[in-house]
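Look at the model below before reading on. The paragraphs that follow go through its sheets, its helix packing and its division into domains.

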Amino acid sequence: MFRVVQVGDIHYSDAENFASPVDAKDPGFPAALRDSIGTAPLQAVFRSLSHLLDTGAVDFVTFMGDFTTRGDAAALGDCARYIRRLFAEAWPAAGHPDCKLIIGNHDVDRRLDPDTDVRFENINDVLGAAGFAPASILAPCESVLRGDDASEVRIFGVNSCRGCGQLRLLGSIVEKHAGPAIRKLMAEGGTSDELEELYEQIDTPAIDEHTIAMLDAILSNLGETVLPVICAHHNLLPQAMPRIAPYSELINGGAIRTALLNLDRPIIYLHGHLHTSPIEVIRVPDRTRSAIISISAPLFRDGYNVIEIAFSRDSVPLGCRVIAHRLDGSQCRIAASSVIPAWTAAEGLRLATAQARELMKILDPDKVTTRGDLLVQLGWPSGELDDALTELRWLGALEIPNYDRPSIHWRVTRSI
Ligand SMILES: [Fe+2]
């Protein structure tokens, strides 16, 4: 089991991060006392994550970009130094997780030359000064988590902001009419609303085709005991809220989706950008092993996700559980958890361990069986039986309604 924390957009300079959570209806109440009875949202979530990392239960932390709001290097530096406090002084430190940062559209300074990588290198300079490894600019940045057996999680940071600040990608007609006004706005500074429009609506989220080709080449060569996790700022799929804007979605999201599905293997895709946290699974019928498990992180001031990634005794990835830690008043608590199998039930059974397949043969589909009955019937060591039951649960082949209780209480129903 690996545990990866997914931290969404921080937008460190937003006033809402530090707003008092106290419903203060008395204008004469002392501000210092008001602040002492309620922790600001960002600080409450930061404290929760910091405690979690101190327990040693986390293997890796991913940040989804948008550390700042308008490409402001000073605010980006403030944010980088702030989140650096979550980690040990030196990398890598025993018992402390490593992390990966990626670039968000709001981190890009649009006043810099949009035709070169300077606007990304500047971001990496600031992140580097705070002690972080550089974010991906063109080549995917890879980190490897290794289990005691052959199981591996490979985490790839990808830059989905190649087109951010690229006026020419708006198309020649739009550039001809809107370009001068946008350049004037950037040079003279605009209102918050005008700049917000520039960063969110007149933007061109895109992943460079060289990045896609490099990712494709790396992922094609990974064995079956490896689960890839791709981190990019933008979502692959359009969302529930209809959006009328020139380029609000990843303009080559379909190409990336197709490339990933053609690999015919489960892949976890982590992103931010939406400020909400939908979980979506994409499968296609002609690639029976393919799945893109897309997980969005909320704004960091609203909480974060812990993603548990499970493997079988044969080191086959089984799926993930997304545990939503969300702010509730001044406390961050577990609000929900969702289990997402890596495979369809039929495909999962083909990849199941010998113990799991043997166990399936004796389970009666019409009967509730207790773990005690199974121990007597099979005569296996209890740890082996628990692993087989857990594996089949991940594969969607059986249900254990009281799984959260100690395993001696488990009741098992076959579901396929
Ligand atoms: Fe954002």
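Strand β1, residues 2-7, pairs with strand β2, residues 60-63, in the parallel sense, and 4 bridges connect them. One of the residue pairs involved is V7 with F63, the latter being the bridge partner in β2. The model is a predicted one, so statements about pairing describe the predicted coordinates.

The pair β1 and β2 belongs to an open sheet of 6 strands, in which the order is β3-β2-β1-β10-β11-β12 and the pairing is mixed. Its edges are formed by β3 (98-101) and β12 (331-341), each of which pairs on one side only. From one strand to the next, the twist averages 20°. As general background, the strands of a sheet pair through backbone hydrogen bonds, and the pairing is either parallel or antiparallel.

A second open sheet is built from 6 strands in the order β4-β5-β6-β7-β9-β8, again with mixed pairing. Which strands stand at its edges? They are β4 and β8 (279-284); each has a single partner strand, so one side of each is left without a neighbour in the sheet. Averaged with direction ignored, neighbouring strands of this sheet are turned by 20° against each other.

The pairing at the β4 end can be followed residue by residue. Strand β4 (residues 141-146) and strand β5 (residues 152-157) are antiparallel and share 6 bridges. A hairpin of 5 residues joins β4 to β5. Along this pair, C141 stands opposite G157 of β5, S143 stands opposite I155, and R146 has E152 as its bridge partner. On to the next strand, β5 runs parallel to β6 (residues 226-231), and 6 bridges join the two. I155 appears here too, standing opposite V229 in β6. I155 of β5 therefore faces S143 on the β4 side and V229 on the β6 side.Helix α8 (residues 253-262) packs on this sheet, where it touches β7 (266-271), β8 and β9 (287-296). The direction of α8 makes about 135° with that of β9.

Two helix pairs can be set side by side. In one of them, helix α3 (residues 73-84) packs against helix α4 (residues 118-129) at an angle of about 35°, and the axes are 9 Å apart. The crossing of α3 and α4 is right-handed. On the α3 side the contact is made by A73, L76, G77 and A80, and on the α4 side by N122, I123, V126, L127 and A129. By class, the residues in this contact are 7 nonpolar, 2 polar and no charged.

The other pair consists of helix α10 (residues 354-362) and helix α12 (residues 382-394), with an angle of about 80° and axes 9 Å apart. That angle makes α10 roughly perpendicular to α12. Q355, A356, L359 and M360 of α10 meet E384, A388, E391 and L392 of α12. The residues of this contact divide into 5 nonpolar, 1 polar and 2 charged.

The last topic is the division of the chain. Domain 1 comprises 2-25 + 35-165 + 203-343, and domain 2 comprises 351-414. How far apart do the C-alpha centres of domain 1 and domain 2 lie? The distance is 34 Å. The contact between the domains involves 9 residues of domain 1 and 7 residues of domain 2. On the side of domain 1 that touches domain 2, there are 5 nonpolar, 2 polar and 2 charged residues.

Note on methods:
Residues numbered from 1 in each chain as written. Predicted model: local features only at pLDDT ≥ 70, side-chain atom pairs only at ≥ 80, totals over all residues. Pairing = 2+ DSSP bridges. Axes fitted to C-alpha atoms, helices over the stretch in contact; angles between N-to-C directions. Left-handed = near helix turned anticlockwise from the far one by under 90°. Contact = placed C-beta atoms within 7 Å. Nonpolar A, V, L, I, M, F, W, Y, C, P; charged D, E, K, R; others polar. Domains from an automatic or database assignment. Parallel < 35°, antiparallel > 145°, perpendicular 65-115°, else oblique.
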